[in-house]
Amino acid sequence: MSGPSGEEIQRRLVGFARKWSLYRGSERAEAQTFLNELFACYGSDRRDAGARFEEPHEGRFVDLIWPRKCIIEMKRPSEAGRLASHRDQAFGYWRNAADPAQNVPAPRYVVLCAFQRFEIWQPGDYPNEPRAEFDLVDLPDRVDALMFLAEREPVFVESQEAVTRQAVGLLTGLYQQLGDTRAADPAVRRNFLLQSVWCLFAEDLGQLEGYLFTRIVDELIANPQRSSADDLGQLFAWLNRPGPRPAGGLYEQTRYVNGGLFEEPAEVHLGVEELSVLRLACEYDWREVEPHIFGSLLQGALGPDAQHALGAHYTHEVDIQKVVGPSIVEPWRERIESASMLAEVQRLQHDLLNYVVLDPACGSGNFLYTAYRELRRLERRLHEREHEFRRDQGRRAEQGALAAFFPLTNIKGIEIDAFAVALARVTLWMGHKLAVDELNLDEATLPLGDLSGVRAADALRVAWPQSSVIVGNPPFHGDRNLRGLLGGDYVEWLKNEFHCGIKDHCVYWFRKANDHLEPGQRAGLVGTNSISQNRARSASLNYVVENGGVITNAVSTQDWPGEANVDVSIVNWVKLPATPPTRFVLDERDVEAIDTALEESTIPIADVPRLPANRGRAFQGFLPGAQYDLDVECARQLLDRTDADYAVVVKPYLDGRDITRTIDQCPTRYVIDFGQMSLEEAVAYPGALDVVREQARDAREASTSYSRNPRWWQFLWPRPELRQQSATLDRFIAGTATGKRVLFVWCPVDWRPSNSTNLIALDTDYVMGILTSRVHTDWAAKKSSTLEDRIRYTPSSAFETFPWPQASPEQRDRIESACRAVLEARGALCREHEIGLTTLYNRVDDGAFAELRDKHEALDLAVIAAYGWSRSLLTDVRSRNQALYELNRAILAGERAYDPF
């Protein structure tokens, strides 16, 4: 599972705040427990993160230091009102936490905490006042302020969710009141709200001089004979009008806003009650309203599937970052920080100016808003890098800096709901102004940027604009609901357009997104978790990977806010990368690679097809279904009887533990096996039949599987095909079904390996060599399921999908010779040291028995040579499995001759 969702973190913090709100003890008694639990709320393990308690510092101890990230200084609850008096101590720790000799900077954040009260500082950037102050009881509403504990970017907007919900509640109420009075039709009322929202926001950020909107509302309240349709309508009209302004009066200092927002000035008459509600909205400090939350909530309240405003949901920043981070921020940050010369930074600046983000299901723009904000921060970092290189070269740092700014027009979106599109544009215009203020940029924010690239359309029916990256969360409608939601004709169009049948709605976005990407471009989408399961996987993630996509970062499954019982998967990929990715992150942990089932695997497709030529050779071991086995003494008594040849039905019984634990890998028990004999034939062995009747019959007949084979004297699965395949062999191969590693041994044909083994009905040293090589065992490990930390080898997925080399006679001879050398060496070592194969190979892993390790390497190299591969693939399991996967595809396509055994 991934780290917790934003809503889950909030739920945890509610319980955390409830528990600790009553604590009145000392700092030392419970501070470490408090902090460990706080980290856990954010899905982090304090120890694994590298945060340390009680770090010594000039005779005192820092309560917690997380190098590069944060310092937390704890105080007893009684100090909650006096945190300011402890700032010097905390800042002293912070200043001395930097280690220039080791190139370790001071932590980015400093937290002062008295259990009931928090202060969060970012002293390197904002040394004069805290970024956030709040009480413990408010922590669930301030979840984003401590998001760095989840290794995410924090957001320090005070009480952002609470303030935003209140503002949305007021405006939603106003919308409903206007509907009750029939002041205007719904489209005009929505326009009025959006135009008013921009004015409220612009007043507090200096884009609308003199709080003109508030002044007009005040005058309307004071003069009931005047109409808001005239006065506010006139304001909206002036904001849409270029050219000279009146020499005096209310509208003298209005600016030309444009952007299409005021293209149709909304003339709506408000009564006294409605004006009073609007005046309350003016009281809010709109700098504290978070745009992406506001847009999501207002869409939820007033969109086509309207919910009550205060019950509406928004996507938390922590969840949006699971797409924006891997697909946009991390690749750009890596490019920026790895730049080694000024010219390279300048090329990156040019690339950034031409970098286009597309969300083809953008809703009210929350993913686009976050992407835009992060790109502006990356732009600032590029400018810093340019200045660093200029200083290093003895140039004036301020000269030559890029004059252009990352354009808002590079943000593109498609959304079927026109109101959501209008909201997305307002959200982005607000984001533009906030970014300029945050980064202290000398950049015009008026007239509003052209956001015609965020448009209303059905994204599946229209061509998508050229873009550099695709992000978003498409609709979550399940395949069973599509006809009812979209209509039969539309569903038939989907089938004909995408050629993958009826699937969950989001599946079609994954296919179209991958088709739209150019080589080297990235995408990050949220989908129902069916995209990694069964039928939907073949049409979505398999399609992505089969057409050049490489999954680099994913969340296998998590809850999603606002959708009842919807679990989602989050997938980030790059298409046809020029250089294969080297880092893969699954559920927020580094893994070797990720397959389309969103599991750790070096084989990219979870559903590797079986090769017809491999079938009918590998089987699960015999499954008696009850107690047909005998210890050695009982078996000897039967075999010594003279009334029948009991060796026909009493057979050595090998299980997986015999393979791994015994010195000679031989059976330690026997089993009574009547094969496919009739009862009349089995009666010829009365002693054996009596044992089966006594030990096994009742259990077999009581079993729910009895109907599969009601012949109680036979094994539940007699495996006739296996018996037929092995009848002409001198020996066959048995391998472990479950274990830390896959091991194979030779079996005489009279042995009966149990269902804790797998049987390969082939008898050449060449086959044993291929199976024993790491080329096969590494493939098998990734194509098999797991039981805890053990591999579960299954013939259908591990053997039947495995493409064998087309070895020449000389290559086969080398593999056979190398295989015999391995088996002889391991057998001799087991006998000499009186150990089984598990102990033997554990010691090999620890560095012992170098001669056996060398013989295995010789076998591996002989097998690699038979494939025609470079010996470099000996240690590159990812590339080796990718090559096997591609060979599997080529064989199935008829592009390669194939005679495996």
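Visitor: Where is Thr315 found?

Guide: Thr315 is found in the loop between helix α10 (291-302) and helix α11, helices (H or I, at least four residues) and strands (E, at least two) being DSSP runs numbered from the N terminus. This is a predicted model, in which local features need pLDDT of at least 70 and side-chain atom pairs count only at pLDDT 80 or more, while totals for chains, interfaces and linings use all residues. Residues are numbered from 1 along each chain as its sequence is written, and side-chain values use heavy atoms, with hydrogens and water left out.

Visitor: Does one read Thr315 as buried or exposed, and which residues does Thr315 touch?

Guide: Buried means under 20% relative accessible area, exposed over 50%, and partly exposed in between, with a 1.4 Å probe and protein chains only. Thr315 has 7% relative accessibility and therefore counts as buried. Taking contact to mean heavy atoms within 4.5 Å, and not counting residues up to four places away in sequence, Thr315 touches His292, Ile320, Asn366, Trp560 and Pro561.

Visitor: How is the open sheet of nine strands ordered?

Guide: Strands of a sheet pair through backbone hydrogen bonds, either parallel or antiparallel, and two strands are taken to pair if DSSP finds at least two bridges between them. Here the order is β9-β8-β7-β10-β11-β13-β12-β14-β15, and the pairing is mixed. Strands β9 (454-456) and β15 (589-591) stand at the edges with a single partner strand each, so one side of each is left without a neighbour in the sheet. From one strand to the next, the twist averages 25°, where axes are lines fitted to C-alpha atoms, for helices over the stretch in contact, and angles run from 0 to 180 degrees between N-to-C directions.

Visitor: How many bridges join β12 to β13, and which helix packs on the sheet, touching β7?

Guide: Strand β12 (residues 549-559) runs antiparallel to strand β13 (residues 567-575), and eight bridges join them; Asn553, for instance, has Asn572 in β13 as its bridge partner. Helix α11 (residues 317-338) packs on the sheet, where it touches β7 (357-359), β10 (469-472), β11 (522-528), β12 and β13, and its direction makes about 165° with that of β11. Helix α14 (residues 418-438), in turn, lies across β8 (411-415) and β9, running at about 165° to β9.

Visitor: At what angle do the axes of α12 and α13 cross?

Guide: The axes of helix α12 (residues 342-353) and helix α13 (residues 366-392) come within 9 Å and cross at roughly 160°. Angles under 35 degrees count as roughly parallel, over 145 as roughly antiparallel, 65 to 115 as roughly perpendicular and the rest as oblique, and α12 is therefore roughly antiparallel to α13. A crossing is left-handed if the near helix is turned anticlockwise from the far one by less than a right angle, and right-handed if clockwise; α12 passes α13 in a left-handed crossing. The residues of this contact of α12 with α13 divide into seven nonpolar, three polar and four charged, where Ala, Val, Leu, Ile, Met, Phe, Trp, Tyr, Cys and Pro count as nonpolar, Asp, Glu, Lys and Arg as charged, and the others, Gly among them, as polar.

Visitor: Which way does α1 pass α2, in a left-handed or a right-handed crossing?

Guide: The axes of helix α1 (residues 6-20) and helix α2 (residues 27-41) come within 9 Å, crossing at roughly 160°, and α1 passes α2 in a right-handed crossing. By class, the contact of α1 with α2 has eight nonpolar, one polar and four charged residues.
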